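Let's take a walk through a protein model and see how some of its pieces sit together. Have the structure open as you read.

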Amino acid sequence: MPQVFSDNPRRRDFDLTDPELARLCADAAARFSELPLHHRGESAELRSTAAPGILVQRLIPSLNSISRNRKGSIEGTDRLRLDISRVFWAALHRRQLATCHLAWHEDHLLVTEERIPPIEVIVKAALIGTPTRIYHGLLQRTDRHGRDFELNERHEPYVRFDYRNPLRSATGEGLRDECMPLALADRLIDTQQAARSALGVFEVVHSMLARLQLDVWDACFLFDETGRTLSYELSPDNMRIKLNGWTEGNEPRQEFDKDLWRNSANAALLREQWAALRERLERSLA
């Protein structure tokens, strides 16, 4: 039975009733492959529905790591990403934070059609990931207050804007996303609003995970160009989620994110850990 995200502020922009949205979702899911293709990316496929401004989406079980030059597919991760994201989206809606998600039915989602710029809004709450790789020598320095830069040290969340490059250049060279100066990024997205929205989303996720003895270290978000509507999943594919007390080199079963993939974990372990995260979240709602 299709479920409607009735609390989503973005849902108010459409005149359809909840039963009408549910019927649209069920019909679009049943006829997905027949509907006109809107966009097919690395992680999701979107098709047009009969309702203007509303698309139907199906996630793709792909995994990709530019930093480790690893790309592949693990069956079942698409549904795990969807199930985990649904819990977080519903929590955002209760806090009156808008997302593009209107309804879901099994493996399909109804989503609003948004103008999404090629900008990733990154929230970092620890010295982990990209900054430790691209700022050579940083971890051997002290800051202007005399403190050492330490791998994985926690800090107050900050926002960074990255330009989304294609995965490959015209010559086949692998490309990574690049940090974009605020003045240039602001031509593509309202950076002030996007920063507020991203920190608000991050805080909701952090609070939910803290109750489960888990912590979120960083996250990657996509918003519409106004910076108000989250237009992306909230799953282990775009967040680092660790057990409280985790440190580098700990048992992989203390990790619930794509670092497992980056560090060459097998498919069974990755599915097991992501399923364990889903179970913890769903149990917290019972």
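A residue counts as buried when its relative accessible area is under 20%. Keep in mind that this is a predicted model. With that cut-off, phenylalanine 221 and phenylalanine 223 are both buried.

**Aromatic pairs**

Those two phenylalanines bring us to the aromatic rings. How many aromatic pairs does the structure hold? There are 3 of them. One is made by phenylalanine 5 and tryptophan 89: their ring centres are 6.2 Å apart and their planes stand at 85°, so this pair is edge-to-face. The partners come from distant parts of the chain, 84 residues apart. Phenylalanine 5 sits in the loop between strand 1 (3-4) and helix 1 (18-30), while tryptophan 89 belongs to helix 2. Both phenylalanine 5 and tryptophan 89 are buried.

Now back to phenylalanine 221 and phenylalanine 223. Their ring centres are 6.2 Å apart and their planes make an angle of 75°, so they are an edge-to-face pair too.

**Helix 2 and its partners**

Helix 2 covers residues 77-94, and one helix it packs against is helix 7, residues 267-285. The angle is about 25° and the axes are 10 Å apart. Why do we call helix 2 and helix 7 roughly parallel? Angles under 35 degrees count as roughly parallel, and therefore this pair gets that label. The crossing of helix 2 and helix 7 is left-handed. On the helix 2 side, the contact includes Leu80, Ile84 and Val87, and on the helix 7 side it includes Trp274, Leu277 and Leu281. Charged residues join in as well, among them Arg81 and Asp83 of helix 2 and Arg271 and Glu282 of helix 7. By class, the contact of helix 2 with helix 7 has 10 nonpolar, 1 polar and 6 charged residues.

Leucine 285 is one of the contact residues of helix 7. Is leucine 285 buried or exposed? Its relative accessible area is 51%, so it counts as exposed. Its C-alpha atom is 29 Å from that of alanine 265, and these two residues are 20 apart along the chain.

Helix 2 also packs against helix 5 (residues 191-210), this time at an angle of about 120° and with the axes 10 Å apart. The crossing of helix 2 and helix 5 is right-handed. Helix 2 brings Val87, Phe88, Ala91 and Leu92 to this contact, and helix 5 brings Val201, Val204, Val205, Met208 and Leu209. What classes of residue make up the contact of helix 2 with helix 5? It has 9 nonpolar residues, with no polar and no charged ones.

**Some single residues**

Here is a small table of how accessible some individual residues are.

| Residue | Relative accessible area | Class |
|---|---|---|
| Proline 236 | 1% | buried |
| Asparagine 238 | 6% | buried |
| Serine 197 | 8% | buried |
| Glutamine 213 | 47% | partly exposed |
| Serine 264 | 54% | exposed |

Start with serine 197, which lies in helix 5. Leaving out residues up to four places away in sequence, serine 197 touches Phe223, Gly227 and Arg228. So you can meet phenylalanine 223 here again, as a neighbour of serine 197. Proline 236 is in the loop between strand 12 and strand 13. Where does proline 236 make its contacts? Leaving aside residues within four places in sequence, proline 236 is in contact with Ile84, Phe256, Asp257, Lys258, Trp274 and Leu277. Ile84, Trp274 and Leu277 also take part in the contact between helix 2 and helix 7. Proline 236 and tryptophan 89 are 147 residues apart in sequence, yet their C-alpha atoms are 14 Å apart in space.

Asparagine 238 is found in the loop between strand 12 (214-221) and strand 13 (239-243). Its C-alpha atom is 7.6 Å from that of phenylalanine 221, and the two residues are 17 apart in sequence. Beyond residues up to four places away, asparagine 238 touches Asp218, Ala219, Cys220, Phe221, Tyr232 and Glu233.

Finally, look at two backbone angles. Glutamine 213, in the loop between helix 5 and strand 12, has a positive phi of about 60° although it is not a glycine. Serine 264, in the loop between helix 6 (259-262) and helix 7, is not a glycine either, and its phi is positive at about 70°.

Definitions and conventions: Residues are numbered from 1 along each chain as its sequence is written. This is a predicted model: local features need pLDDT of at least 70, side-chain atom pairs count only at pLDDT 80 or more; totals for chains, interfaces and linings use all residues. Side-chain values use heavy atoms; hydrogens and water are left out. Axes are lines fitted to C-alpha atoms, for helices over the stretch in contact, and angles run from 0 to 180 degrees between N-to-C directions. Helices (H or I, at least four residues) and strands (E, at least two) are DSSP runs, numbered from the N terminus. Angles under 35 degrees count as roughly parallel, over 145 as roughly antiparallel, 65 to 115 as roughly perpendicular and the rest as oblique. A crossing is left-handed if the near helix is turned anticlockwise from the far one by less than a right angle, and right-handed if clockwise. Contact means heavy atoms within 4.5 Å. Ala, Val, Leu, Ile, Met, Phe, Trp, Tyr, Cys and Pro count as nonpolar, Asp, Glu, Lys and Arg as charged, and the others, Gly among them, as polar. Rings of Phe, Tyr and Trp (its six-membered ring) pair if their centres lie within 6.5 Å; planes under 30 degrees apart count as stacked, over 60 as edge-to-face and the rest as tilted. Buried means under 20% relative accessible area, exposed over 50%, partly exposed in between (1.4 Å probe, protein chains only).
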